[in-house]
Amino acid sequence: MVLTSVGKMVGLQKKTSGIRNICILAHVDHGKTTLADCLISSNGIISSRLAGKLRYLDSREDEQIRGITMKSSAISLHFVKGDQEYLINLIDSPGHVDFSSEVSTAVRLCDGCIIVVDAVEGVCPQTQAVLRQAWLENIRPVLVINKIDRLIVELKLSPQEAYLHLKNILEQINALTGALFTSKVLEERAEKEAESESVSDTAPGDQIYDWSAGLEDTDDSHLYFSPEHGNVVFASAIDGWGFGIEHFAKLYSQKIGIKHAVLLKTLWGDYFLNTKAKKIMKGDQSKGKKPLFVQLVLDNIWSLYEAVTKREKIEKIVTSLGLKIGARESRHADPKVQLNAICSQWLPISDAVLSMVCNKLPSPLDITAERVEKLMCVGARTFDSLPPETQELKSAFMRCSSEGTAPVIVFVSKMFAVDAKALPHNKPRPLTQEEIAHRRELAKRKHAEKLATNQGKELSEKPPSANSSEVTRNTGDAEGEDQQLTGQAEVMTSKAVKQEADNKESFIAFARVFSGVVQRGQKIFVLGPKYDPAESLHKLSSPCSATNDLSLVPHMTCCTLENLYLLMGRELEELEEVPAGNVLGIGGLQDFVLKSATLSTSPACPPFTPLNFEATPIVRVAVEPKHPSDMPQLVRGMKLLNQADPCVQVLIQETGEHVLVTAGEVHLQRCLDDLKERFAKVEISVSAPIIPFRETITRPPKVDMVNEEIGKQQKVAVIHQTKEEQNKIPEGIQVDSDGLVTISTPNKQATLSVRAMPLPEEVTRLLEENSDLIRTMEQLNTSLNEDKKSHEINRKTVERIQEFKHKLEQNLQGRKWRNAVDQIWSFGPRKCGPNILLYNFEGYKRSVWQCLGNAVKEVSRYRDFDNSIVSGFQLATLSGPMCEEPLMGVCFIVEKWEINKVGEMLSTGSQHSGECDAVEHKQNEDTTITSTVEACSVNEHQDSSQSVSKSSEKMSKHKEVLVADCYGPFSGQLIATMKEACRYALQAKPQRLMAAMYTCEIMATAEVLGRVYAVLSKREGRVLQEEMKEGTDVFIIKAVLPVAESFGFADEIRKRTSGLASPQLVFSHWEIISSDPFWVPTTEEEYLHFGEKADSENQARKYMNAVRKRKGLYVEEKIVEHAEKQRTLSRNK
């Protein structure tokens, strides 16, 4: 029976101080949903007997089948503590690494979180990840150490061993928190120092750098988990018990007569009880005594478990604890049932956890200024650089007020799909008395009509007395039948319409109110992630509201909040208004919000910082319908899927394929199931996973494939290889011995020399990590070039760019990289990738570091066409020569760029014509090359000699038009030539493929260790480390595994180890595949070792050919060599 009505919940929503928004975070299978079940059963929503078996918040069918949570779902609970009432908005989140994006959406809406840790497994990879996410969002954690029953039943530890084991787990978690805290303190300190240095430049001799200073001064005691602070609960959710130390402190202070406060401090730690003196003494270890925690707490729980499993003294225990157990439980054959019945009454887990939440976690009123500023500052902006109207909103956040005057600010963290049948207004409701009476009348009338028709039939079967009367009756019957048919048809159509409405998916926004009161039917602004209040405030009139017409402002729309819902797990309840500090569902936003958004009634509100997702989507598949006529449904379904999942990406590739990008195999499976059954509702066929690769070059190897030094042994002429070498480079392209490629444009007006060099690994990593910063630099440079002074460059951004430049300079040292950093022309692909273009020729200066204030406005002959060279480089880095995959870690150096006279005339001509155009037509900015050439030729001839006859003038004009025209515009030729030059420069060096790699963490027991290694080595995996977990027989194996080999890996490991080991795969980095995809044997030793064909499988070549086949490129492979059947001439004896 549900104990709390919706009306009660609405009342509680108005008391902001009594609200707790919390989420449950943990590694997969550590018991989050079971814990949530126990908390829900305390409100009577589900039976306490079913808690842990029902998994109420896992409402999807596939969640129940797989036994893991796949989406975060919310429920509101009512909790009474003393005379204080609390409303707890609880969000359960997934623990599987594929769904870590759901964790980010949950964490953003909360003020606190419960971290759940398995007492046997301890701290796992996802535990670290969720702690980091909670830390990044500035929310306060409390700890539940779950599954303590496993220490008793499975590991059979003694209470003393269990105490040491629990102590160890606490230390591990605190070490993680400490690492996060230390990095933060040191960062802040560095920032303060930078500020003080800019204010006062002291003499360098005065400063002595002490890295630890700042850590001693900062109080971090509140951050750590410790039972005496009251932020740790020991529990077993499946058996329904849990306790904090206060419970036992209160109990024993009455029994032993020691003060409650003293017991609170000493129950956990190195203290023991001196029974003679009735005093608590320190130093249990040295004197060989039992710690208090073991003696007073664990011993009791252990003896209870022992008694129940042996079926001894159960009645005595129950009466001594003052509990009541039903006859059904006491007679039950399974001791688990009795344990649950006794423990859930003696130490109810819901009381322990919820009272810890209410005491230790903040209410929405206690939001910190730091968190507000973090939420309001998008990208590199600091809080001080925001407009004053926006800064005023900070106080609204801090007050979290529900007054009518307060601006409404709501953050939508995700959209989730709900079956239209589940919406409250579509649910069947109980009938009123009048409706029941009306229905009864209808039923009676129908019954009477039925009887009448039956009697009529009986009469017609009697011998005919009067034909005429029968005819009339028959016609009447026919009319009746017609009416009946039309009635049936109407019923059928209405049913079809109803069914269509039922099948429709409704989207509900998962949101939280940060300020003001949200009302149903209210008009509100929807602010996109790129919305900038500074730009739009001066466009809008000052008393602007969401009802005004807003066509001017970019990234801002206006919508009406159609429905507001209270989220109750699988149920939704309609609400009229929701005050600040609450989590809610909002209906009717699917046309305005894609995945997440900020809603506000004030246009000064900035969009919140985007959510930080831990997992990178990497697994791609192409999807198409089985029947081509279903294509529109599939496209619509993919749009809905994109909206319903925070992490999935939906793309249409250049090839026209519809591609889904997901975070892993389980996530992919869920997305495909959703697409088939919910969103598109069509049969689909799915391609094999599209595995991403990168192309790169390396230094020439020192040894060959048989580890002989290259150049020492005699080469054998390999005919097919020399032919290949000749075919590789067409005429008109010169390639030097050291890989410098010289190439001219088709009209021979410009010549380029390009060299490719591999970048050091550190530089590639640096470029990858700072891609967002490079994108910001690109935007700043563009606005500087267009002379836009939209907003001053933020000091913090400038510092970050300078630091980035300094790191590049540190890593690019040596003779060949001299001045390289200052000569960077562009990054690529897409102007922010891990490849660099350098210029190394005279007479040209352009820098990506313009935004640092060293912009050079110079006019040179190269200036008009330098963008063409950059575009050619972007194209070349976007698809490499091996299999059209993007390049990575390559540096292209343009060593020579010559423009002939006509080419120069083209460039100067474009300048001249530009000047003329500026005078005549200011609107026309882009002039075609042909017209520039005509203008330039006219100008040139007028300057040089005016006596030349007009006919020759026309002739020269015609010639130059041809020069530019027959190969297309000159800038286009430069783009194509640059792209070709980059490709040939790459092919002149040893090329390699780079594979995407997963880091893989596997927990396995000793007996299945060998099988895990077998599966890893079969799939090209490499073990990095293996360590044994203290106090258990579990090994933790850390390995790297290519993404290409990872499909079916988790299933195979589970099969081979009978489910004892399960891996966690997270995308980690790109790694060069060492084998050369084009390798053929050239020396005698290689011939002897590999044979003439050398057809042992080359991994890189296999990958390369697979990608080429998928893209429809030419693949060089022999299909059948000898088609005749092989036969033995001698008879089989």
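## An antiparallel sheet of four strands

In this predicted model, strand 21 and strand 22 (residues 658-662) are paired in the antiparallel sense, with four bridges between them. One of the residues involved is Leu651, whose bridge partner in strand 22 is Val659. The two strands belong to an open sheet of four strands, arranged in the order 21-22-20-23 with antiparallel pairing. Strand 21 (649-652) and strand 23 (684-686) are the edge strands, and each of them pairs on one side only. From one strand to the next, the twist averages 30°.

Two helices pack on this sheet. Helix 20 (residues 631-644) touches strand 20 (619-625), strand 21, strand 22 and strand 23, and its direction makes about 25° with that of strand 22. Helix 21 (residues 665-679) touches strand 20, strand 22 and strand 23, and its direction makes about 135° with that of strand 22.

## A buried lysine without a salt bridge

Lys595 is located in the loop between strand 18 (583-587) and strand 19 (597-600). Lys595 is buried but takes part in no salt bridge; Asp645, the nearest side chain of opposite charge, is 5.8 Å away. The side chain of Lys595 does make a polar contact with the side chain of Asn642, at 3.0 Å, and it reaches the backbone oxygen of Val648 at 2.8 Å. Beyond its neighbours within four places in sequence, Lys595 is in contact with several residues, among them Ser413, Lys414, Met415, Pro646 and Cys647.

## A mixed sheet of six strands

A further open sheet consists of six strands in the order 25-26-27-30-29-28, and its pairing is mixed. Strand 25 (733-735) and strand 28 (824-828) stand at the edges with a single partner strand each, so one side of each has no neighbour in the sheet. Ignoring direction, neighbouring strands of this sheet are turned by 20° against each other on average.

Within this sheet, strand 29 (residues 835-839) and strand 30 (residues 890-899) pair in the parallel sense over four bridges. Leu837 has Phe892 as its bridge partner in strand 30. Helix 26 (residues 866-878) packs on the sheet, where it touches strand 27 (750-758), strand 28, strand 29 and strand 30. Helix 30 (residues 970-987) lies across strand 25, strand 26 (740-744), strand 27, strand 29 and strand 30, and runs at about 35° to strand 27.

## Salt bridges

Side chains of opposite charge can pair when their charged atoms come close. The structure holds 36 salt bridges. In one of them, the side chains of Lys8 and Glu85 meet at 2.8 Å, N to O. This pair links distant parts of the chain, with Lys8 in helix 1 (residues 6-13) and Glu85 in strand 3 (residues 84-92), 77 residues apart. Lys8 counts as partly exposed because its relative accessibility is 34%.

Asp118 forms a salt bridge with Lys147, with the closest N and O atoms 3.6 Å apart. Asp118 lies in strand 4 (residues 112-118) and Lys147 in the loop between strand 5 (140-146) and helix 6 (149-153), so the pair ties together parts that are 29 residues apart in sequence. Asp118 is buried, with a relative accessible area of 0%.

A salt bridge within one helix joins the side chains of Lys310 and Glu306 (3.1 Å, N to O). Both residues lie in helix 10 (residues 292-310), four residues apart, which is about one turn of the helix.

Definitions and conventions:
Residues are numbered from 1 along each chain as its sequence is written. This is a predicted model: local features need pLDDT of at least 70, side-chain atom pairs count only at pLDDT 80 or more; totals for chains, interfaces and linings use all residues. Side-chain values use heavy atoms; hydrogens and water are left out. Two strands pair if DSSP finds at least two bridges between them. Axes are lines fitted to C-alpha atoms, for helices over the stretch in contact, and angles run from 0 to 180 degrees between N-to-C directions. Contact means heavy atoms within 4.5 Å. Buried means under 20% relative accessible area, exposed over 50%, partly exposed in between (1.4 Å probe, protein chains only). Lys and Arg count as positive and Asp and Glu as negative; His and the chain ends are not counted. A salt bridge is a side-chain nitrogen of Lys or Arg within 4 Å of a carboxyl oxygen of Asp or Glu. A polar contact is a pair of N or O atoms within 3.5 Å; within protein, one must be able to donate a hydrogen and the other to accept it, and residues adjacent in sequence count only if both atoms are side-chain atoms.
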